[in-house]
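Hello,

Here is the structure I promised to pass on. Please open it first, then read the notes below.

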Amino acid sequence: MEAMWKIAVIGTGGVGGYFGGRLAQLQDECQVHFVVRGETLQVLKRDGLRVDSLVGDFHIPPDRCNATDDLASVGPVDLVITAVKLPLQNGVEAADILARAVDKKHVVGGFCKIISYIVKHGHIRHDAADPTVAFGEVWASETAPGTLNSISDRITKLKDLFEKAQGVKVELFDDIRVGLWHKFMLICAVSGLGAITRAPLGVFLGVEETRDLFRQVLFEVAKLAQAQGIELTDEAAEKLYTYFLGRAESERNATSSMQRDIMRGLPSELEWQVGAVVRKAKALGVPAPACSLIYAALLPQELKARGKLAFSIE
């Protein structure tokens, strides 16, 4: 019998709550510890975690949530899922950020595909997209046999674990950067246009001017990836554009987490999405006029949300 996985899930929002909850369902395989704080901590301890999902609702009782606000109290673990807006979520800088805090040999690249959100503390709703996690090495590592051109042993073990979870698909990448930048290309366009127009996906894709801007963002991100030696082609950008045009009606009301945060006046992922494009493009001398415009237009409200700028509109 294989040893049980001990897993710490940091953050219990739309991503940590869903995927952490799915792993917690594997009670003979996993012991999951949700690391949270505030009212969410109290709710998980009292009521457990509730997830409403298109692929099956479920509830994790309090004794299997193992909720705590003290990561050190969890002790040594086999896997840490950091689900606090970056690592499994939206951006291409998460692995580097984590590697500055811990030795990079402990960091695996990953991202997810899911549209889910917090209904209230301890209650998550998944209402679009097939829940998928993707893994791959970011750097060649002596402790994870293999290079960026092969699947390491630890990546295979993660695949085997997540494939046992209900309602989770798994993708592996020889070079996770390709998958990360493909998703990044998508999310910058969806979040950026959604935030600046304050309109859902299907609505802004139905307007020629914003549809053209959406396409321009896709190609700017693809060109930026290419400038860094990442195999994200113009063809991939065009294919993604065509894909979204085909889904504009079925996902007419879809919105992104960054868009929703900005519309609510909350701090958002702006700096790690469109802002990252602008920073990297400037450093590499790659033109990114559409992304620069979107970032500049959204920045005053972002600064206000973070308490760095004060203004009101009467």
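**Charges first**

The protein carries 36 positive and 39 negative charges, and the mean positions of the two sets are 4 Å apart. Please keep in mind throughout that this is a predicted model.

**Overall build**

The protein has 13 helices and 8 strands. How does its radius of gyration sit against the globule rule for 314 residues? The radius is 20 Å, close to the 20 Å given by the rule, so the protein is as compact as a globular protein of that length. Along the principal axes, the C-alpha atoms fill a box of roughly 55 × 50 × 40 Å.

Of the 314 residues, 49% are buried. The accessible surface comes to about 15,200 Å². Carbon and sulfur atoms account for 53% of that surface. Now take the contacts with a separation of 6 or more. Within that set, 70% are between residues 24 or more positions apart.

**The annotated domain**

An unreviewed UniProt entry carries the annotation "domain: Ketopantoate reductase C-terminal" for residues 175-298. In the model, this stretch is 72% helix and 0% strand. Its end C-alpha atoms are 32 Å apart.

Two residues are worth a look here. F173 lies in the loop between β8 (169-172) and α7 (176-197). Which residues does F173 touch, beyond those up to four places away in sequence? They are F111, A134, F135, G136, E137, I151 and G179. One of these partners, A134, is 39 residues from F173 along the chain, and their C-alpha atoms are separated by 7.3 Å.

Y295 belongs to helix α13, which spans residues 289-305. Is Y295 buried or partly exposed? Its relative accessibility is 16%, and the cut-off for buried is under 20%, so Y295 counts as buried. Leaving aside neighbours within four places, Y295 is in contact with L270, E271, V274, G275 and V278. Take E271 from that list. Y295 and E271 are 24 residues apart along the chain, with 8.4 Å between their C-alpha atoms.

**A loop between two strands**

V55 sits in the loop between β3 (49-53) and β4 (58-60). With a relative accessible area of 36%, V55 is partly exposed. That value falls between the 20% and 50% cut-offs, which is why V55 gets neither of the other two labels. Setting aside residues up to four places away, V55 touches Y18, R22, H126, P131, Q166 and G167. H126 is 71 residues from V55 in sequence, yet the C-alpha to C-alpha distance is 8.6 Å.

**Two backbone angles to check**

Most residues other than glycine have a negative phi. Which way does phi go at A129? It is positive, near 80 degrees, and A129 is not a glycine. A129 is placed in strand β7, residues 123-136. Its relative accessible area is 39%, so A129 is partly exposed.

R198 also has a positive phi, near 60 degrees, in a residue other than glycine. R198 is found in the loop between α7 and α8 (201-205). At 35% relative accessibility, R198 counts as partly exposed.

**A buried serine**

Where is S152? It lies in the loop between β7 and α6 (153-163). The relative accessible area of S152 is 0%, so this residue is buried. For a sense of distance, try S152 and Q301. They are 149 residues apart in sequence and 43 Å apart in space, C-alpha to C-alpha.

**To recap**

The places to find on screen are these:

- F173, in the loop between β8 and α7.
- Y295, in helix α13 and in contact with E271 among others.
- V55, in the loop between β3 and β4.
- A129 and R198, each with a positive phi.
- S152, buried at 0% relative accessible area.

Best wishes

Note on methods
Residues numbered from 1 in each chain as written. Predicted model: local features only at pLDDT ≥ 70, side-chain atom pairs only at ≥ 80, totals over all residues. Heavy atoms only, no water. Helix = DSSP H or I, 4+ residues; strand = E, 2+ residues; numbered from the N terminus. Rg over C-alpha atoms; globule rule 2.2 N^0.38 Å. Buried < 20%, exposed > 50% of the residue type's maximum accessible area, 1.4 Å probe, protein only. Contact = heavy atoms within 4.5 Å. Areas by Shrake-Rupley, 256 points an atom, 1.4 Å probe, with all protein chains shown as cover. Lys, Arg positive; Asp, Glu negative; His and termini not counted. Charge placed at Lys NZ, Arg CZ, Asp CG, Glu CD. UniProt positions renumbered as here; feature names shortened; annotations may be inferred.
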